Every structure is written in structure tokens, then in C-alpha cells.
Amino acid sequence: MNRQKNDWFQQRLLLIAGIIFLAFNLRPAITSVGPLIATIQESLGINNLKAGFITTIPLIAFAVFSPFVARISQRWGNERTLFFSLLALLIGILVRFSDNLWIFYFGTLIIGSGIAFMNVLLPSIIKADFPKRIGLMTSVYTTAMCSMAGLASGVSVPLANGAGLGWEKALAVWGLLALIGLLLWIPQLKHRHQPATVNAETPPVSSIWKSNAAWAVSIFFGFQSFIFYCVVAWLPAILLNKGMNEQTAGWMLLFVQIIGLPATFLSPIVALKLKRMWMSVAVIGLINLLGFAGLIVFHQTSLLISSIALIGLSTGGSISLAYLIISLKSKDPEQATQLSGMAQAAGYSLAAIGPVFLGFTYDHTGSWIYPILIIHLANLLMLSFGIRSVLPKT
């Protein structure tokens with residue numbers, strides 16, 4: 001009996017370690033590019049438009065591939081699909097080790113496709129293996145995802161310049177995470193998740209795309225993604241316009257991701273304890289409103305940093321809350337995969353549009369006030385659909 005308990009405990013530890021390393025791999029191959037983009041441009045001899053595609057291609061891949069994940073995982077099983085997704089990520093990182101722009105683009109597309117499958121399937125894995133610990137496990141893997149994303153953006157330049165690796169090897173370093181993830185995930189290949197009916201608020205529908213509740217979840221996911229990727233793309237430029245020096249403005253991009261980690265971890269746990277879950281969405285929306293209002297009103301560096309901290313807390317909390325809602329609103333792991341695919345297809349379509357739309361607005365107005373007002377509108381829409389997504393019978 002004790003041996004069976006020990007075996008079960010070891011299996012759970014291996015599964016949790018595998019999930020954490022899957023989450024570790026969801027962002028570094030993308031967030032490591034931004035700080036090196038000027039160096040990459042100079043090395044490849046490309047203009048801003050071509051450089052922009054480097055960060056846009058993964059988002060487009062997320063939007064395009066996400067709706068197909070459910071069908072493929074039904075054929076292969078979640079475990080095998082995740083293993084091959086990690087393998088695709090590793091291959092993409094290796095292919096991207098090139099000074100040919102089109103090969104670089106192709107490697108980036110492979111990276112985006114691999115991450116898209118992992119993005120979609122992780123809520124299903126949590127639903128299947130931890131049905132009574134959805135809040136805690138959502139906190140664990142989203143915090144792991146965000147912490148490694150922040151680390152990758154922070155150490156890219158030191159790896160490329162300080163360690164003398166150059167930008168190609170600095171980007172290739174993140175292949176080690178994928179390799180470790182593959183090794184840790186091998187024990188899961190002997191398992192195959194089967195749909196198990198669990199009570200949920202959302203009734204079954206013939207197609208997830210016909211569900212009003214699914215659309216509410218998807219639009220909430222979409223606008224929180226829109227806001228986050230606008231921050232990643234334009235926060236340093238906004239701060240430079242405010243008079244902050246270039247070095248400090250660059251570090252603020254790392255700061256906004258790191259400061260949000262406590263909210264990323266605590267939001268799902270606190271939301272599940274609240275009798276009225278919509279209150280957690282409302283608090284995140286209010287914090288977001290105050291943070292971006294500060295970017296309009298304040299000019300002193302200390303006050304701007306306070307505003308950035310609020311933005312970090314709101315964006316950190318909203319992503320883990322979005323993944324929690326996907327799991328809670330699904331009746332079983334199979335539907336969690338379908339809803340996750342739909343939400344992320346919509347979400348990353350908006351995310352891909354956001355930075356371009358804000359840049360276009362700034363080019364035509366010459367002021368960052370109008371792009372920030374667009375983010376305020378996105379926040380109101382996020383708040384509206386987020387509350388709707390957690391109310392009963394939506």
C-alpha cells in the first residue's frame with residue numbers, strides 16, 4: 001500500500017514538474033526577441049516593418065492554429081500532442097539560428113505553432129488531472145509562464161552582449177528549456193486523457209462557437225491579451241515621451257512583468273474564494289484604469305513607476321483569471337480544449353492588431369494620449385465581457 005502511495009506521489013510530482021516546464025516554455029522564445037530587435041535589424045539589414053513581423057508572426061500563429069488543437073488532440077491525446085508541440089518549439093528555435101531573414105521567419109512560425117498548441121492544452125490538462133485544484137494549479141502554471149517571460153526579456157541583452165553570445169546564440173539558449181521540458185514530459189506519454197464529465201455552469205452545446213458564454217470568455221481573453229501586448233510593444237516609447245531616460249524605460253518592461261507575478265499567482269485563488277467572482281474582474285479592471293490614467297497625468301518618474309506597478313498587477317492578474325475562467329466554464333477536459341482554442345484564436349487575433357493600431361494612431365496624432373485612451377476603451381470592454389463570462393447562465 002505504501003509503495004502504491006509512493007508511486008502515485010512520484011507520478012504527481014513528475015506531472016507537476018512537466019506542467020511547470022511546459023509553462024516555462026510558453027513565452028521566452030518570444031519575449032527574448034524584443035530587447036534584441038535593434039541588434040537583429042542591424043545584423044539582418046531590415047527595416048522596422050520587417051522587424052515588426054518577427055514579433056507579430058507568433059501571435060498570428062496562435063490565432064490561426066488554436067482552433068485546430070481540439071481536433072488534433074482528440075486523435076493523438078493531450079500528452080502526445082504536448083510532447084510534439086515541445087519538439088516543434090525546439091526545432092523552431094534551432095531553425096531560427098540563421099542570418100537569413102526568411103529562414104528566421106520560418107523558424108519563428110514553427111515556434112508560434114508549437115506554443116499555440118501548449119497554450120490551448122494546458123487548461124485541459126489542469127481540468128483533467130486536478131479537477132479539485134483548478135485555482136491553485138492555474139496559479140502555478142501562469143506564474144511560471146509569466147516569471148520566465150520576464151526573465152527572458154531581462155537577460156537577453158546581457159546574454160548577447162555581456163556574455164558575448166551574440167543575438168543568435170542568445171535566442172538559441174532558450175532551446176535548453178524546451179529540451180528539459182521534453183525529457184520531463186516523456187513519462188506522461190503512457191497516459192491518455194479521456195473526457196470525464198464534471199459539473200459546470202455552462203451547458204453543453206452542439207458547437208462551442210455557438211455558445212454565448214464561450215464568446216464572453218473569448219472576448220474577455222481577447223481584450224486582456226490586447227492590453228498586454230500593447231504594453232509590451234509601446235510602454236518604453238510612452239515613457240521616453242514622458243522624459244524618462246532610455247535605460248530606465250527599458251527596464252520598466254521587465255518591471256511591469258515581474259511586479260505582476262503576485263497578482264498572477266493570487267488572482268485565481270482569491271477569485272474562487274469570493275462568493276461573487278465578478279468582483280475579481282471588476283478589481284482588475286479598476287486597477288488597470290488607474291494605472292493607465294497615471295500614464296496620462298503623471299510626469300515624475302516615481303509616480304510613473306507607481307502607475308506601471310498598477311498596470312503590472314492588472315495584466316498579471318487578468319491572464320491567470322482568463323485561464324481559470326476557461327477551465328471553470330468547461331464541463332470536461334475536451335470542452336476545455338475547445339473553449340481554450342476558441343478563446344485564444346479570438347484573443348491573439350486582437351493581440352496582433354493592438355500594437356499596430358496603437359502605432360498607427362500615434363503616427364497620425366503625434367500624441368500618446370489617444371493610444372492610451374484606446375487602451376482604456378479596451379479595458380472597459382474587457383471588464384464588461386469578463387463580468388458577463390463569470391455570471392451564472394451567461
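## Reading the labels on this model

Colleague: What makes K331 count as partly exposed?
Modeller: This is a predicted model, and in it K331 has a relative accessible area of 24%. Partly exposed runs between 20% and 50%, so K331 gets that label.

Colleague: Why is the contact between D332 and K331 called a salt bridge?
Modeller: The closest N and O atoms of D332 and K331 are 2.7 Å apart. The cut-off is within 4 Å, so the pair passes. A search of the whole structure finds 1 salt bridge.

Colleague: And D332, is it buried or exposed?
Modeller: Buried: D332 has a relative accessible area of 5%, and the label needs under 20%.

Colleague: How do you know that W209 and W215 are edge-to-face?
Modeller: Their planes make an angle of 70°, and over 60 counts as edge-to-face. The centres are 5.8 Å apart, within the 6.5 Å limit for a pair. W209 is partly exposed at 39%, and W215 is partly exposed at 36%.

Colleague: What about F221 and Y348, what kind of aromatic pair do they form?
Modeller: Edge-to-face: 5.8 Å centre to centre, with 75° between the planes. F221 lies in helix α11 and Y348 in helix α16, so the pair ties together parts 127 residues apart in sequence. F221 is buried at 1%, and Y348 is buried at 2%. Both belong to one aromatic cluster, with F62, Y141, F228, Y229 and Y323.

Colleague: Why is T361 called buried?
Modeller: T361 has 11% relative accessibility, and under 20% is buried, so the label fits. T361 sits in helix α16 and touches residues including Y370 and I374.

Note on methods. Residues are numbered from 1 along each chain as its sequence is written. This is a predicted model: local features need pLDDT of at least 70, side-chain atom pairs count only at pLDDT 80 or more; totals for chains, interfaces and linings use all residues. Side-chain values use heavy atoms; hydrogens and water are left out. A salt bridge is a side-chain nitrogen of Lys or Arg within 4 Å of a carboxyl oxygen of Asp or Glu. Buried means under 20% relative accessible area, exposed over 50%, partly exposed in between (1.4 Å probe, protein chains only). Helices (H or I, at least four residues) and strands (E, at least two) are DSSP runs, numbered from the N terminus. Contact means heavy atoms within 4.5 Å. Rings of Phe, Tyr and Trp (its six-membered ring) pair if their centres lie within 6.5 Å; planes under 30 degrees apart count as stacked, over 60 as edge-to-face and the rest as tilted. Lists of a residue's contacts leave out its neighbours within four places in sequence.
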